[in-house]
Amino acid sequence: MVLPAQREALELRDLPVPEPGPGQVLLRVRACGVCRTDLHVVDGELLHPKLPLVPGHQIVGDTEDGRRLGVPWLGWTCGRCRYCSSGRENLCDEARFTGYDLDGGYAEFAVADERFCFPLPDGYDDLQAAPLLCAGLIGYRSLRLAGDAERLGLYGFGASAHIVAQVARHQGRRLFGFVRAGDEAARTFALELGCEWAGSSDELPPEELDAAIVFAPVGELVPAALRALAKGGVVVCAGIHMSDIPSFPYELLWGERVVRSVANLTRRDGEEFLALAPQVPVRTEVEVFPLEQANEALDRLRLGEVRGAAVLRP
Ligand SMILES: [Zn+2]
Ligand SMILES: [Zn+2]
């Protein structure tokens with residue numbers, strides 16, 4: 001499924017099987033998760049994708065020699081710069097991203113740099129493993145950057161929050177879920193996933209929070225989350241794109257509160273999270289679409305109608 005130009009629908013096209021370059025593996029795609037970032041690419045909110053593009057950066061595929069690998073968003077880094085040489089390859093200026101700079105997994109075949117692929121834990125079938133690769137992995141990094149917060153707020157209950165909630169409960173944290181006003185299905189989902197309270201994002205929780213992770217791409221949620229924080233707390237913005245953050249009184253930040261973003265992932269995040277997931281154990285809820293219905297999957301995600309994570313099956 002090919003994106004010919006931004007703000008256009010994906011097209012079903014017959015492409016040649018890609019040739020792996022040096023260091024790359026050829027994968028037969030078994031499943032590919034659909035991420036909100038894919039929507040930002042299609043909708044033109046991320047400005048410079050390769051075009052035409054095969055989107056998709058949560059790829060589960062089999063190599064020609066029979067190994068199962070996962071391909072995440074981080075597809076390549078320079079390995080030499082200040083960021084790469086200090087454990088922060090997620091910030092590499094020259095990084096290339098799967099399904100953005102590089103063709104991704106909305107396809108029957110994909111190639112990927114083997115150094116950036118992950119072996120996947122047994123016990124997850126291909127469809128259930130796919131959302132671990134971004135929703136899970138970048139969610140895990142967001143959770144790590146929330147520090148040791150005991151009372152954790154999650155804003156936006158999509159694919160990432162549904163995984164992070166399970167990990168956070170496993171770590172003994174207390175959870176508070178925030179969903180769009182009137183979205184009763186999402187509120188119920190948040191409670192099922194272990195939130196002790198769930199309400200609309202303009203409400204204050206019954207207690208102050210030690211950290212909040214904002215998954216929804218809505219700038220208004222940043223001051224809303226700050227308002228819910230105890231002193232010293234952190235708001236972690238987990239998405240790659242967000243609408244503008246409205247101005248807010250300094251008083252909301254005062255008291256050593258912090259606002260920060262999470263950018264991409266490192267391979268270390270992937271190794272840690274994929275080792276942790278089966279211990280929790282994280283169970284992913286997936287809504288499966290045939291590959292040729294990628295546009296329908298994206299539409300449902302845009303409307304907030306997917307419960308858990310959407311996954312394409314070639
Ligand atoms: Zn670099
Ligand atoms: Zn993603």
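Which residues touch the most other members of the largest nonpolar core? The close-ups below start with that one and then move on through this predicted model.

**View 1. The largest nonpolar core and its best-connected members.** Welcome to the inside of the structure. This core counts 102 residues, and L154, I213, V214 and A225 are the ones that touch the most other members. Helix α4 (residues 159–170) supplies the largest share of the core, with seven residues. Both domain 1 (24–132 + 285–313) and domain 2 (137–261) contribute residues, so the core lies between them.

**View 2. The surroundings of I213.** Let us zoom in on one of the residues named above. Setting aside the neighbours within four places in sequence, I213 has contacts with S142, L143 and A146, and also with L154 and Y155. Its remaining partners are V164, V236 and A238. L154 deserves a second look here: this contact of I213 is also among the residues that touch the most other core members.

**View 3. Where domain 1 meets domain 2.** The domain assignment divides the chain into domain 1, made of 24–132 and 285–313, and domain 2, which covers 137–261. Their C-alpha centres are 25 Å apart. Contacts between them involve 13 residues of domain 1 and 11 residues of domain 2. On the domain 1 side, helix α1 (residues 36–42) gives the most, with three residues. Sorted by class, that side has five nonpolar, four polar and four charged residues.

**View 4. Helices α3 and α7 packed together.** Here you can follow how two helices cross. The axes of α3 (residues 135–145) and α7 (residues 267–276) are 9 Å apart, and the angle between the helices is about 105°. That value makes α3 roughly perpendicular to α7. From α3 come G136, L137, Y140 and R141, which meet D269, G270 and F273 of α7. Taken by class, the residues of this contact are three nonpolar, two polar and two charged.

**View 5. Helix α6 under its cover.** Is this helix mostly covered or mostly open? Helix α6 (residues 221–228) is mostly covered, with six of its eight residues buried. Look for L221, V222, A224, A225, L226 and A228, which are the buried ones. A225 may be familiar by now, as one of the residues that touch the most other members of the largest nonpolar core. The cover over the buried residues of α6 includes the strands β8 (151–155), β11 (209–214), β12 (229–237) and β13 (258–261).

How values were computed. Residues numbered from 1 in each chain as written. Chains lettered and ligands numbered in written order. Predicted model: local features only at pLDDT ≥ 70, side-chain atom pairs only at ≥ 80, totals over all residues. Core = buried A, V, L, I, M, F, W, Y, C linked by C-beta atoms within 7 Å. Buried ≥ 20, exposed ≤ 12 C-beta atoms within 10 Å, placed from the backbone. Helix = DSSP H or I, 4+ residues; strand = E, 2+ residues; numbered from the N terminus. Domains from an automatic or database assignment. Contact = placed C-beta atoms within 7 Å. Nonpolar A, V, L, I, M, F, W, Y, C, P; charged D, E, K, R; others polar. Axes fitted to C-alpha atoms, helices over the stretch in contact; angles between N-to-C directions. Parallel < 35°, antiparallel > 145°, perpendicular 65-115°, else oblique.
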